[in-house]
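Reader: Before I trust any single feature of a model, I would like to learn how to read it. Could you take me through a few, giving the general idea and then the case at hand?

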Amino acid sequence: MFLKENISLALAGLKSNKMRSFLTMLGIIIGIGSVIAIVTIGNGVTAKVTDALSNIGANVIQVYVTPRDAKNTTTDITVGGNNMSNSDMITDDQINAFHKRFSGEISCIGLQEGLGDGKVENGHRYSNITAVGVNPEYKDVSNVKMSKGRFLMNRDIDANRRVAVVSDKLVSNMFRKNTDPMGKEVSIEVNGWDETFTIVGVYKYEHNTFGGAAASQKDTRTSLYIPISVAKEQANFQNYSYFLLKTKSLSGSQVFSKKIDSYFSKIYAGNQNYTCQSYNMENMMSTVSSVMGTISKAIAAIAAIALLVGGIGVMNIMLVSVTERTREIGTRKALGARSSYIRAQFLVEAVIICLIGGAIGILVGILLAWIGVTMIKVKLVISAPVILFSVGFSMLIGIFFGYYPAKKASQLDPIDALRYE
Amino acid sequence: MAREIIKMTDIDKNYFIGTPNELHILKKISLTVHEGEFLSIIGPSGSGKSTLMDIIGVLDRPTAGTYMLDGMPTSQMTDNDMSDIRNKKIGFIFQTFNLIPRNDALKNVELPMLYAGVGAKERAERAQRLLELVGMKDRMHHQPNELSGGQKQRVAIARALANDPPVLLADEPTGALDSVTGHMVMDLFHKVHSESHKTIVLITHNPELAAETERIITLKDGKITDDRPTGGKAVSQQCS
């Protein structure tokens with residue numbers, strides 16, 4: 001009813017009371033702003049995690065030896081936990097038997113034996129590394145992308161050869177430009193162990209999503225792959241607390257994951273402290289989304305409170321406005337305004353306050369989200385549905401909290417209103 | 001003979017009905033006003049002037065009695081009907097002007113037309129014509145707080161004329177103005193009266209102003225105690 005007139009009237013009213021209008025909107029701004037900020041940052045994080053997880057591949061399943069008392073989330077996984085002994089881990093024989101049992105499903109199994117963090121040094125040149133002993137299948141399962149040379153082969157393992165596959169980052173740290181690193185020797189220092197390896201291949205380093213962003217480009221720690229047989233000579237354990245496998249089919253990893261769990265639960269039935277747990281992309285994703293869901297719910301509750309308080313603020317100021325303008329309402333009624341026209345006028349005003357507050361809140365939220373994503377280095381993902389929802393929701397707040405004051409205004413007796421002092 | 005525009009028969013208005021404090025504000029008021037009359041209602045405060053004005057202006061319903069406005073009975077009206085009647089049949093002019101703040105003179109004059117559903121273009125044209133009539137065209141984009149009292153009242157008169165109502169109802173229209181400005185406003189009423197032959201009901205406690213009208217009705221204790229024509233113009237009808 002007279003929408004255009006009511007909107008311009010409301011805007012004129014807000015303009016003449018700028019400070020009051022702003023304070024009234026503040027609750028809405030904070031509520032909508034925090035929703036937008038958190039959802040936008042959450043979207044950025046989710047997108048990044050999803051991206052990282054899909055790098056692992058949909059048909060890759062990770063199998064961990066995990067303590068029995070740990071909760072069933074990926075965050076609680078402790079690879080090679082403090083008091084895990086060699087006998088708690090999976091043996092080569094067990095893996096072979098497992099591979100044979102599920103030969104129809106398993107494409108290949110990647111094994112790794114981490115030696116820990118160390119350094120490659122050559123005079124003043126150095127590069128931070130994590131030395132990992134792997135089998136040849138590891139390349140396929142872990143999606144290692146070679147840029148030069150070859151990956152480790154079975155004969156490297158069988159002969160315990162001192163050969164290494166390094167990252168392109170290490171190459172640029174260690175060698176002059178245009179130097180061919182192939183066949184070059186590097187001296188590796190890990191936990192007091194010091195040995196010389198020959199470079200046989202270079203892989204393309206991809207920024208690790210989960211790695212800290214603190215280290216400078218130069219200090220970035222990259223994996224250096226050596227034959228698993230060589231790593232075992234140095235490792236405390238001969239068995240595995242962790243392995244990766246790739247399934248033949250792209251789908252059904254969730255189902256296969258369950259089969260793996262029941263297979264290993266029989267093997268570990270006698271172990272009091274440890275069991276085996278498999279993780280695939282799908283259940284990692286569901287873990288991530290359940291964590292994000294919990295965070296979102298908590299934020300939604302806070303935002304709901306902020307919006308409730310904001311809405312009450314709007315209602316309060318609308319009631320003040322109705323009282324202040326009692327005479328105006330009386331005049332309008334005398335001039336022939338029906339009650340419904342007055343109600344519409346005040347309702348539009350409340351909705352306009354909330355919409356403007358919502359719009360400012362969206363801008364504030366995006367600004368906060370932008371600061372947030374810049375700090376944690378993820379992409380800014382602005383979600384149109386969330387913005388539309390925010391606009392709609394602020395409108396609903398306006399209608400909900402504006403209705404009572406508007407109704408009160410419309411029900412004023414014109415005689416009393418006209419003579420109100 | 002001119003049409004009966006206001007016909008009140010045995011109007012009572014009581015407050016606090018059914019309580020020991022029941023107040024009888026208007027007692028058996030009967031009044032007939034013909035189209036084109038310019039009359040004044042005078043009386044001391046507490047005499048029921050304002051209540052009578054509320055009933056004439058269809059702001060309030062009488063407790064008893066019948067009131068026909070422009071031939072229409074008002075007793076069975078709903079609130080919306082009363083709003084529509086006020087919008088089309090009555091032009092209100094208040095002592096305190098009651099212009100809508102933050103709306104310029106033009107918007108104020110347009111307001112009754114807006115409520116009547118008149119289109120934007122026609123509203124603006126007509127409002128400009130009316131502001132010209134009251135000599136306020138050059139200030140049509142001024143906000144009420146930028147206008148003097150006399151100017152505000154002229155805008156209010158233009159607003160009262162917006163939907164071309166048969167009755168103008170003015171409640172102490174010069175009460176908040178100095179005597180010079182007050183005279184200018186009265187002159188405007190005379191101009192409107194002589195040019196458009198509207199029925200004008202002036203409520204005042206000022207006998208001098210009342211003397212300028214054609215007929216003076218004196219109210220006391222909720223009763224009409226005197227109803228006589230002034231020298232100005234012949235008034236054919238007495239109260240019944």
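Author: What follows goes through a contact between chains, a helix, a sheet and some loop residues. This is a predicted model, in which local features need pLDDT of at least 70 and side-chain atom pairs count only at pLDDT 80 or more, while totals for chains, interfaces and linings use all residues. Residues are numbered from 1 along each chain as its sequence is written, and chains are lettered from A and ligands numbered from 1 in the order in which they are written.

Reader: How many residues does each chain bring to the contact?

Author: The size of an interface is often given as the accessible area lost when the parts come together. Here residues are counted instead: 19 residues come from chain B and 18 residues from chain A, two residues being in contact if their C-beta atoms, placed from the backbone, lie within 7 Å. On the side of chain B that touches chain A, the elements giving two or more residues are α2 (79-89) and α3 (105-116) of chain B, with α2(B) giving the most, 6 residues. Helices (H or I, at least four residues) and strands (E, at least two) are DSSP runs, numbered from the N terminus. By class, this side of chain B has 9 nonpolar, 4 polar and 6 charged residues, where Ala, Val, Leu, Ile, Met, Phe, Trp, Tyr, Cys and Pro count as nonpolar, Asp, Glu, Lys and Arg as charged, and the others, Gly among them, as polar.

Reader: Which residues of α4(B) are buried?

Author: A residue is buried if 20 or more other C-beta atoms lie within 10 Å of its own, exposed if 12 or fewer, and partly exposed in between, with C-beta atoms placed from the backbone. In α4(B), the buried residues are Arg123(B), Ala127(B), Leu130(B) and Leu131(B). Seen down the axis of α4(B), they fall within an arc of 100 degrees (taken from the directions from the helix axis to the C-beta atoms), so they line one face of the helix. The face turned away from the buried side of α4(B) carries the exposed residues Lys121(B), Glu122(B) and Glu125(B). The cover over the buried residues of α4(B) includes α3 and α5 (149-160) of chain B.

Reader: In what order do the strands of the open sheet in chain B lie?

Author: Strands of a sheet pair through backbone hydrogen bonds, either parallel or antiparallel. In chain B, 6 strands form an open sheet in the order β6-β7-β8-β3-β9-β10, with mixed pairing; two strands pair if DSSP finds at least two bridges between them. β6 (90-93) and β10 (223-229) of chain B stand at the edges, each with a single partner strand, so one side of each is left without a neighbour in the sheet. Strands β7 (residues 167-171) and β8 (residues 199-204) of chain B run parallel and are joined by 5 bridges, and Val167(B) stands opposite Thr199(B) in β8(B).

Reader: Is Asn98(B), with its positive phi, buried or exposed?

Author: Most residues other than glycine have a negative phi, and most peptide bonds are trans. Asn98(B) has a positive phi of about 55 degrees although it is not a glycine, and it lies in the loop between β6 and α3 of chain B. Asn98(B) is buried, with 23 other C-beta atoms within 10 Å. His197(B), in the loop between α6 (179-196) and β8 of chain B, also has a positive phi, near 55 degrees, but is partly exposed, with 14 other C-beta atoms within 10 Å.
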